[in-house]
Amino acid sequence: MKVLDFTKETDELANKLIKLGFHYQNTDRMESDGLYISSRLIITWANFTNGVTLQIIHTYDRYGDETNGYLKITDNCTNASVNMSLEEFMELERITNSHGTTFPRQETSNETVPNEN
């Protein structure tokens, strides 16, 4: 099993996933059975506390050139999922699961409101 080392520099996508509370889970490679079916590399991140799984799916043709890349986000409670491009995902600021839990959690302000007495 591959391990993601958080002590090393990460790319923009990994930083976004970490900010949203996802943790690297695994990488699977699915080979094609026929000449015209592409192989896929699936990298899975999961947010265990909120029951959401995100898969980064890269599809390759038979010559090894990447032909398609997208993200699949699945709510583990309802099995509902959505596919989106990397660009769409990078624009997300938060994700809400089927229980209404939003992450990352909105930061609460510690500022005190002045008392007008």
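Two strands are taken to pair if DSSP finds at least two bridges between them. Helices (H or I, at least four residues) and strands (E, at least two) are themselves DSSP runs, numbered from the N terminus. On that footing, β2 (residues 39-47) and β3 run antiparallel and are joined by nine bridges. One of the pairings puts W45 opposite L54, its bridge partner in β3. Four residues sit between the two strands of this hairpin, and G51 there takes a positive phi near 65°.

All of this comes from a predicted model, in which local features need pLDDT of at least 70 and side-chain atom pairs count only at pLDDT 80 or more, while totals for chains, interfaces and linings use all residues. Residues are numbered from 1 along each chain as its sequence is written, and side-chain values use heavy atoms, with hydrogens and water left out.

Zooming out, the protein has two helices and seven strands. Read from the N terminus, the order of elements is α-β-β-β-β-β-α-β-β. As for burial (buried means under 20% relative accessible area, exposed over 50%, partly exposed in between, with a 1.4 Å probe and protein chains only), 29% of the 117 residues count as buried. Strand β3 (residues 52-60) has seven of its nine residues buried, so the strand is largely enclosed by the rest of the structure. The accessible surface of the protein comes to about 8,700 Å², and carbon and sulfur atoms hold 47% of it; these areas come from the Shrake-Rupley method with a 1.4 Å probe, and for residues only the protein chains shown count as cover.

Contacts (heavy atoms within 4.5 Å) tell another part of the story. Among those in the protein with a separation of 6 or more, 29% are between residues 24 or more positions apart. G21 offers a local view: this glycine lies in the loop between α1 (12-19) and β1 (23-30). Leaving aside residues up to four places away in sequence, G21 touches A46 and N47. The C-alpha atoms of G21 and A46 are separated by 8.3 Å, with the two residues 25 apart along the chain. G21 is partly exposed, at a relative accessible area of 25%.

Another loop residue worth a look is N79, placed between β4 (66-75) and β5 (81-84). Its phi is near 65°, a positive value in a residue other than glycine. With a relative accessibility of 62%, N79 counts as exposed.
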